[in-house]
Amino acid sequence: MTKAQFKENTHLYWYKFSRNKLSVVGLCIVLLSVFFALFAEVATPYPQHVKAFVDYSQAGLAPSKAFICGTDIYGRDIFTRLIFSFRGALLMTVIVLSISVPVGVFLGLIAGYNHGTWVDIVIMRTVDVFLALPSIILAMAIAAVLEPGMKSSMIAVTAMWWPWYTRQVYGMASSLRNEYFVKNAELIGASRFHILFREILPNCLSSIFTKMALDVGWVILIGAALSFVGLGEQPPTPGFGQMISEGARYMPDLWWMTIFPALAIAFIILGFNFFGDGIRDMLERGR
Amino acid sequence: MLSFLVKRLFQGIFVIVGLSILIFIIARIVPGDPARMSLGPRAPQFAVDELRREMHLDKSLPVQYFYWAEGVFRGDFGKSINTKRAVNTDIREFLPATLELALLSGILFIILAILLGLLAAKHHDKWVDNLIRGLSYVGIALPAFVVAELLLLLFGYVWPIIPVLGRLSPETGAPTHITGLFTLDSLLTGNFTAFFNALAHLILPALALATGPLFQEARLLRASLVDNMGKEYISVATGYGLPSRVITKKYLLKPSFIPVVSVMGMDLASLMGNAFLVEKIFDWPGISRYGMNAMMNKDLNAISAVILVFGIIFFIVNIIVDIIVASLDPRIRLGAKS
Amino acid sequence: MNEHLLDIRNLKTWYRTYQGYAQVVDGVNLSIDAGKKIGIVGESGCGKTTTMKSVLRVLDERKAYLPEGEILFRNQNILAMKESELQQIRRRSISMISQEPSAALNPVFTVGQQMFDVIAYSEQGGSGPHKKEITDMAIKAIRDVFIPDPERILQCYPHQLSGGMKQRICIAMALVTPRELLIADEPGTALDVTIQDQIHRLLRALVDEKKTALIMITHSLGVVRELVDQIYVMYAGNIVEVAMTPELFRNPLHPYTRGLMDCVPRLSGGGISAGIYGYVPDYVHPTPGCRFSPRCSFAKEICRVQKPLLLEVDEGHSVACFKYTDAFTEDEGQEGRIRAEA
């Protein structure tokens with residue numbers, strides 16, 4: 001692709017993406033989240049509060065100029081802890097998607113291309129088994145039997161996420177394999193690798209990316225649910241769900257302990273949903 | 001139709017068996033000794049060993065699985081480490097509560113999604129539509145447990161007009177046990193105080209569970225309706241002079257519903273599973289919460305049983321949804337050209 | 001002058017787009033008498049379908065805007081009618097066949113159910129026809145379009161039928177109750193040529209038998225030659241030429257018509273045509289003058305600035321082109337004789 005073509009493509013993509021103003025808002029939120037995740041130490045007033053820190057003299061304070069979102073029962077600044085929570089949420093998303101998507105897509109390609117053979121049956125029945133349970137249950141089951149912690153949560157969510165991609169790519173691959181361009185490649189003796197990755201995969205890419213963009217919100221949601229029951233970030237590291245769970249105990253008196261994390265979750269998931277919608281609009285063929 | 005069902009049944013059995021094996025393996029990989037956890041840290045070693053033998057933990061994995069599967073066929077899921085009684089009893093006690101919750105939640109989200117979707121489509125691009133779209137964004141973004149906490153805050157403290165915890169208020173006795181669903185049982189026995197009380201307790205958790213799917217499906221329905229409004233067969237129908245109510249109710253609604261039904265089915269099937277957080281927050285004695293506790297405490301028998309129950313219910317609901325979709329869409333039902 | 005069955009006068013239909021109004025139909029005049037057959041010929045996107053959809057008022061109200069014009073059916077203005085009167089027209093007088101039979105039939109209902117509704121709501125047959133009568137009518141209509149085994153076909157869903165069958169069924173539905181006017185929008189375009197031919201013959205036979213007037217929309221001159229008595233040539237929302245069929249083929253006047261004629265492949269002699277130079281017109285910012293002028297090899301200054309009127313140049317033969325007016329003859333000497341419209 002020439003430089004000019006690249007530039008024009010970018011313009012077109014941006015045009016499609018920004019048609020809906022909300023997508024742009026989503027993009028801003030995403031960028032903000034990434035910023036928070038990376039630079040939490042410098043973006044927050046009390047970075048030390050996310051480590052083992054206790055100051056009972058400041059405990060349970062309502063929102064004020066010094067503590068924008070108030071403090072919790074250990075005297076830690078809620079705002080700071082919220083900003084740091086972005087890190088966990090985004091880290092989980094990156095890790096989960098960067099592992100489960102390639103694995104899922106790869107298995108889907110193989111299963112779809114070998115439609116009808118035992119390879120297909122084994123892979124897809126396994127997928128069926130994984131998808132036989134509501135996602136949260138499966139994630140919880142896996143996370144609970146491992147040592148509670150961030151690592152286990154990530155493993156759990158990754159383990160139950162890949163089948164969705166396998167199923168999606170399987171559908172596309174098994175219909176694409178009958179197309180002429182694939183048949184031609186087979187006839188001239190192209191390697192299986194080439195057929196899968198150079199012929200079939202590129203045609204699936206846009207819907208894979210769309211799904212990924214829309215999934216981010218869900219991963220964050222499940223991550224929050226897991227951390228709510230203590231299976232995510234371990235104290236003292238803060239996590240969204242964890243903070244809500246903690247705060248719930250002190251309702252309604254210390255309402256800020258619950259409300260601000262709830263707002264933060266809504267904020268981040270909303271932002272990623274808008275962003276995901278925009279990506280979907282961007283990758284959609286035609287106007 | 002019949003062959004379709006049979007095929008699905010076979011698939012389902014295979015899947016459930018596979019599921020049970022998967023869970024069995026996962027549960028057994030657990031670090032920690034279940035027998036020790038059951039008896040506690042102070043129990044003497046010989047008691048722990050005896051329990052291990054009893055639980056077949058000294059035998060190989062396949063053998064353990066065999067014992068467990070055999071038990072399941074007899075209807076015996078073993079004993080729970082936590083509650084110290086047969087898992088069967090636990091299930092029988094807690095399952096109806098979650099079923100009731102899921103049922104009301106399902107009814108709520110389906111009816112409301114249809115109403116909102118229709119409303120938004122009818123006035124699409126006007127303020128009603130935009131309002132619903134705005135609400136939908138928020139509703140989808142908030143996880144069920146957040147909604148639950150907010151509802152708890154609202155009705156538990158700010159505006160206590162509805163009871164928030166448990167299935168019944170302490171002074172109201174439980175209705176005679178017929179199905180275990182308090183609302184149904186109290187209706188069947190004419191016990192109206194219990195009925196209204198049970199319903200009042202059900203509303204908030206059901207709402208919390210229903211919020212996400214409600215708005216998701218409302219949006220989907222709206223999009224589907226608006227999409228189909230512009231289709232040729234609708235303008236053709238208008239051209240033939242068919243009354244607009246017939247066109248909307250019959251010709252527009254049916255094809256628009258099809259993509260929505262599948263998603264509704266999936267969400268409906270997941271309701272029971274997603275209920276665990278809501279159950280925890282509202283102190284609802286349901287099987288989801290029970291399962292969650294089992295997982296936290298590595299209560300193997302309970303975990304396996306609960307997962308199996310969920311898997312079976314999921315499977316049944318999926319089949320029903322498939323049947324409904326097939327009945328709506330003749331292209332799926334009848335396949336290609338004759 | 002007799003009353004026309006349908007008389008479209010200076011119809012303008014615009015579509016709202018975010019760039020502005022697309023002036024898709026730009027002052028169209030068209031009329032047809034009872035029992036006659038006319039054809040509207042033009043390239044895709046020139047406004048033929050929009051004009052006809054305006055007649056039945058089935059355009060999306062949010063998108064379509066009709067700033068000017070009248071559509072008189074038996075001297076009553078359809079555009080000014082109330083809903084109830086309009087429904088009468090749709091149920092008893094005018095019906096339309098779509099371009100895409102697959103899209104025109106609702107995929108989740110059987111053909112029979114759809115036909116049933118059309119008949120039941122058509123208010124024909126006295127105090128509401130009974131189920132038996134409706135079924136009989138439906139079966140007869142399907143037989144009329146030469147589909148065997150009508151009872152079975154009525155139970156089928158659209159996706160179970162072939163394209164040709166679906167088109168026949170659409171025709172059957174349009175004619176199941178007696179109509180005064182049938183508008184056929186490129187019937188058979190979506191099908192292969194042999195089937196297309198069958199459909200056209202069928203259509204002709206049916207309208208002749210039922211004495212229904214026919215407006216045939218097509219992009220192909222070859223098709224229309226066999227079927228209609230009078231041809232309207234349309235380009236970019238305007239009628240550019242009107243003539244009786246043999247006259248048009250004998251003496252095409254408008255440069256666009258000439259271009260179209262060249263495009264029809266001939267069995268004897270001639271090579272492949274050069275096509276018509278230029279691009280599809282922009283409806284949102286249209287040329288102020290003649291809309292064909294950017295593509296016309298004869299275009300002069302006046303063509304780009306002023307809109308040519310449709311003027312009768314010969315008996316029953318009108319054309320909207322400055323080439324046949326004084327504006328040109330002043331520069332070039334005798335070209336055509338002008339007679340003002342009576």
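1. Start with the sheet in chain C. Its 4 strands (DSSP runs of E, at least two residues, numbered from the N terminus) lie in the order β2-β1-β4-β5. The sheet is open and the pairing antiparallel. Two strands pair if DSSP finds at least two bridges between them. β2 (20-32) and β5 (76-77) of chain C each have a single partner strand, so one side of each lacks a neighbour in the sheet.

2. This is a predicted model: local features need pLDDT of at least 70, side-chain atom pairs count only at pLDDT 80 or more, and totals for chains, interfaces and linings use all residues. Residues are numbered from 1 along each chain as its sequence is written, while chains are lettered from A and ligands numbered from 1 in the order in which they are written.

3. Look at β4(C) and β5(C). They run antiparallel and are joined by 2 bridges. Asn77(C) of β5(C) is the bridge partner of Leu72(C).

4. Which residues of α2(C) are buried? They are Gln87(C), Ile89(C), Arg90(C) and Arg91(C). Buried means that 20 or more other C-beta atoms, placed from the backbone, lie within 10 Å of the residue's own. Their cover includes α10 (232-239) of chain B, and also α1 (48-56), β4 (64-73) and β6 of chain C.

5. Chain C meets chain B through 25 residues from chain C and 23 residues from chain B. Contact means C-beta atoms, placed from the backbone, within 7 Å. On the chain C side, α2(C) gives the most, with 3 residues.

6. Chain A also touches chain B. That contact takes 31 residues from chain A and 38 residues from chain B.

Note on methods
Contact = placed C-beta atoms within 7 Å. Buried ≥ 20, exposed ≤ 12 C-beta atoms within 10 Å, placed from the backbone.
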